[in-house]
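This briefing concerns repeat annotation and the contacts of aromatic rings. Please consult the sequence and the structure shown here.

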Amino acid sequence: MQNRTANSKQTATGRPQIQPNANAQQTRAPPQMIQNMARVTDPKHVPKEIRDQFLKKIHFCSQPYDFNDDTKNVKEKQERSQYLQELFDLLKEPNFVANLVVPHLDLIVEMIEKNIFRPLPILKKTATNGEIGMEDDDQLIDPAWTHLQPVYEYFLQLIVNEQPDVKSLKIFITHSFIQEFLELFDSEEPREREYLKNILHRLYAKLVPRRKMIRKAINDCFYTLIHETYKFNGAAELLDILASIISGFAVPLREEHVIFFKTVIIPLHKVQTCQFYHEQLLRCSMLFLSKDPTLATFLVEGLLRYWPFANSAKEVMFLNELLEVLEVCEISKLEPLIPKLFKRLIKCIAGPHLQVADRAMCFFENDYFLTILKSYKPFTFPLLVPVIAQIADTHWHKVLQESLNALKTILKEIDYQAFDKALNNKDPKYLYIIQDAKNQKKDRQKIEEKWKNLTKQAIQKNPNFKEPVVPYSDTHIVGEHNGLNNGNITIL
Amino acid sequence: MSENPFEVLKEDMENEEVYLKVNAMHRVKVVATLLGNDKIKSQLIPYFESLLKKEDDEVLFALAEELGNIAQIIPNQSSCLLPLLEQLAGFDETVVREQAVRSITIVCGFLADNEIANTIVPMILRLASNDTNFTCRVSAVSLMCPLYARAGNQKEKIRQKFTELCSEETPMVRRAVATKIGEIAQFMDKIHVIQDLIPVLKQLCQDEQDQVRLLCMESLMNIAKILNSGENKTNILPLIIQSAEDKSWRVRLALSKIFADLAEAVGKEIADSSLIQIFSNLLKDTECDVRVIAVKSLARFIKFVSPEKLNLIVPLLQLLSKDPFSQVKQNACEVIGQIATLLPKEYSQSKLQQYLIDLMADDNQDVRRNAAKSAGQFASAIGPEALNQFVPFLKKSMDDPKWRVRKETMQTIIQLALTVKNPDVFNKQLESVFVMFLKDRAAEVRSMGLSQLPALIATYKQEWAVGNFLSKCVETLSKDVGSLYRINALYAIQQISFSVDGPVAQDRLWPIVQKCLKDPVPNIRFVSIRVAKSLSKKIDNQQTLNQIKQAINELVEDPDRDVKFYAQEALQN
């Protein structure tokens with residue numbers, strides 16, 4: 001009977017949301033604390049017994065257990081889950097939050113820290129490791145996750161809750177807290193990363209005075225990825241957060257943010273594992289460019305600089321990004337990059353990989369790109385025309401050959417005279433791109449001869465001189481694999 | 001004819017291909033040699049300067065390396081390369097700046113001490129104080145180590161800066177410091193190590209990043225090496241204790257990895273009194289990866305503690321040999337073999353033997369293999385009396401479905417036979433297991449036995465070879481088993497022939513081979529030809545020799561091409 005009146009009292013004070021939960025609880029265990037609390041008439045003074053109970057539960061949930069072994073501490077773990085649920089339910093009750101949760105934030109944060117700040121496990125696959133790059137269907141699951149999830153959920157709700165204000169939360173969100181928190185992003189458990197992302201996102205939104213610090217810590221995380229480890233599971237999630245942070249940046253961008261763009265966003269493209277977060281990275285890049293289009297040229301430069309080697313999937317990604325970025329570029333600013341850009345494109349088109357070639361051909365369907373091409377006609381035509389004309393005749397793939405022919409027509413239409421001129425004086429400097437390996441080697445002969453002579457002279461001058469060893473040679477394994485010797489493949 | 005070397009370099013660097021540019025860059029020392037001091041300064045260096053901005057990392061990496069080579073060409077004026085290298089040391093790309101640091105070290109090798117103090121030290125401090133680029137600070141840390149010893153009166157400044165960098169907020173720099181702190185300690189006076197480095201080492205060992213803490217482990221060991229026992233006790237031991245209880249298993253794993261070296265570094269006294277206890281905890285760690293590595297270190301660790309303290313380890317071996325994780329058991333096998341050589345015989349026999357025997361029957365083939373391997377070590381440590389307990393299990397191992405296990409067992413048997421050197425023991429216990437190689441299904445096992453046969457014959461003499469062993473070979477040959485087994489037996493007979501005298505070869509071996517020359521399988525026939533050939537080198541009796549020749553002669557007309565070939569070959573020489 002008392003229960004009922006207690007509940008109805010709550011409804012009367014305008015907090016009906018507790019009811020369904022209280023009912024749900026009854027199937028598991030009676031939400032004793034809530035019932036007791038409901039009886040409290042003066043919300044300012046929480047009776048000692050309730051407070052003690054609350055503290056006891058917080059303390060209990062701070063105890064570490066071995067969650068990897070389901071057979072150990074079964075009873076305690078059950079109890080813990082129940083307590084966590086109760087603590088969670090309390091958050092829905094403003095009265096509680098103000099009088100119990102907020103005054104004891106220190107213990108609560110400590111409880112959260114003790115649970116989630118743990119050395120990340122290596123999730124062991126039962127089967128033998130598949131080949132690198134193979135899609136793995138069976139997700140790796142951290143056995144501890146079911147026990148961690150309620151803590152994360154609690155943390156999330158705690159921050160979403162409006163009552164713990166910035167001032168009281170701020171004390172706990174220190175630099176070392178954020179650093180440890182960011183380390184968790186390397187977790188292999190995707191659901192954990194999702195929670196981390198949401199929590200960090202809200203922390204950033206809420207704790208304005210901590211924003212700079214959070215950004216710096218994220219920076220360090222990315223620096224580590226770029227310079228040291230080359231792999232970080234949470235990169236995509238962190239970039240997700242960054243995307244919304246970036247959209248909040250004021251225009252014009254501050255110096256600090258421009259540096260971030262140049263030292264983090266651009267170098268992130270060169271990391272080997274870039275594929276795993278490229279989508280998010282692209283979004284961040286484009287957001288930056290929307291705030292400050294002058295950054296686009298730096299990005300184009302970066303893309304050309306970190307162009308992938310022997311990774312066609314990544315090349316396709318780069319081509320997609322490049323086209324998007326070019327559209328933001330001011331044509332006049334592109335001038336110093338034009339040679340590198342068009343050489344890269346023509347290499348992609350003439351390259352052995354069909355998808356890459358196909359993507360590169362798409363550039364010519366873009367009007368803005370064609371404007372760029374036209375603006376730098378004196379350079380682009382002598383480079384493009386002879387090569388396109390030649391592979392339009394010889395390309396092995398029918399569809400691509402057709403589009404190459406179409407491109408030839410487009411180029412002809414743009415400027416008939418320039419086209420003819422370029423076709424007639426084939427510049428050998430550019431034709432090397434489609435030269436076969438044997439001819440390339442012949443071209444090298446002259447300068448190799450010069451080097452040989454010079455080396456001889458050097459030995460004459462200094463009898464102790466040791467001949468230099470060059471890393472790339474015909475007999476080198478890279479050269480062999482790429483077909484330098486057999487002339488089968490054009491090396492680009 | 002005479003080209004301008006600088007022009008050739010520039011021409012080649014105009015290339016489109018990065019790899020060609022890299023090649024060209026590696027030829028720079030040709031250019032430098034020909035240009036000579038003055039032109040290097042006036043032409044080459046400004047040219048390099050212009051490359052820094054526009055070239056790919058790949059090319060700059062080559063440049064950083066070649067600058068070190070140029071320094072060797074102009075040793076007296078190599079300091080002119082420093083401004084370039086300083087810039088490269090602050091580069092974004094890790095490999096470029098690491099290479100630049102190496103080249104700076106080369107340059108420093110040519111500089112006088114006062115130059116180090118006047119140019120290099122300020123440069124290091126400049127890099128170390130660069131607040132915008134953490135890359136500069138990381139490079140500065142790497143440079144401090146090799147150059148500290150030569151910094152003269154500037155040492156204090158470097159020490160101060162180094163310890164300052166330990167408290168950096170940027171984790172990359174702290175990681176660099178944690179890696180290098182052990183190295184720089186090697187160049188410092190002990191008093192500075194204790195006064196300056198130990199406090200920061202303590203701080204780094206409590207860093208919030210486990211990456212930093214684990215990098216400290218190696219440094220911890222290096223510093224322990226230069227301190228004496230008392231200093232280690234007060235300074236290093238608390239850090240070891242603390243790290244062994246670190247909440248990150250990665251740190252505990254890093255500690256386990258170096259534990260044996262650490263024990264060696266701190267000396268027996270501390271190892272006996274404290275490390276055994278700490279290490280026991282690591283061996284019982286909840287994380288199996290830590291246990292795997294810890295057990296691995298244990299095999300070496302036991303050499304650095306007093307034998308009488310080992311009884312603290314033995315009970316753990318029981319636990320480890322029943323570990324749910326097979327890699328732990330695998331490594332435990334090795335330890336059991338090792339530790340038996342250090343413990344009193346009766347003690348290991350009563351405490352450890354059973355574990356090893358159990359491990360020999362483990363479910364995991366790698367465990368069985370390692371157990372078989374260690375069984376040999378164990379048994380020879382205890383002496384012949386232990387053998388009769390092991391032999392039944394070794395015999396069982398020879399029936400293992402996995403050939404790797406059988407091969408290891410075979411090796412163990414042979415090793416034992418060679419160390420025991422007791423014909424009685426051998427005949428009674430080991431021989432019956434050894435001869436199983438003749439009938440093994442796996443070629444690896446058969447050839448393993450075969451390859452060790454000469455050594456065995458040398459140890460157990462002709463009597464055994466032509467006695468018991470030969471009869472086994474004959475048994476294999478006469479029974480209708482696969483030709484591969486017979487070939488193997490024939491080769492065994494060939495081995496016997498090398499060590500017996502003429503009459504024995506003639507009376508005992510030749511009749512067997514003679515029969516085999518008529519075997520229906522061609523391969524056996526031509527192997528027999530070879531064996532007969534080596535027999536003929538031993539035999540003096542003309543009549544028998546004729547017989548052999550006659551028999552081989554018949555095979556010249558053999559329908560099989562290969563047999564024909566070998567017969568002809570045998571007759572020719």
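**Repeats and aromatic contacts**

According to the unreviewed UniProt entry, the annotation "repeat: HEAT" covers residues 44-79, 81-119, 197-235, 236-274, 275-311, 313-351, 352-390 and 509-547 of chain B; UniProt positions follow the numbering used here, feature names are shortened, and annotations may be inferred rather than shown by experiment. This is a predicted model, in which local features need pLDDT of at least 70 and side-chain atom pairs count only at pLDDT 80 or more, whereas totals for chains, interfaces and linings use all residues. Residues are numbered from 1 along each chain as its sequence is written, chains are lettered from A and ligands numbered from 1 in the order in which they are written, and side-chain values use heavy atoms, with hydrogens and water left out.

**Repeat spans**
- Residues 81-119 of chain B are 79% helix and 0% strand (helices, H or I, are DSSP runs of at least four residues and strands, E, of at least two, numbered from the N terminus), with end C-alpha atoms 12 Å apart.
- Residues 352-390 of chain B are 85% helix and 0% strand, and their end C-alpha atoms are 13 Å apart.

**Aromatic rings**
- Over all chains, the structure holds 32 aromatic pairs (rings of Phe, Tyr and Trp, the last by its six-membered ring, with centres within 6.5 Å; planes under 30 degrees apart count as stacked, over 60 as edge-to-face and the rest as tilted).
- Phe60(A) and Tyr83(A) pair edge-to-face, at 5.3 Å centre to centre and 75° between the planes.
- Phe426(B), Phe434(B), Phe437(B), Tyr460(B), Trp464(B) and Phe469(B) form one aromatic cluster.
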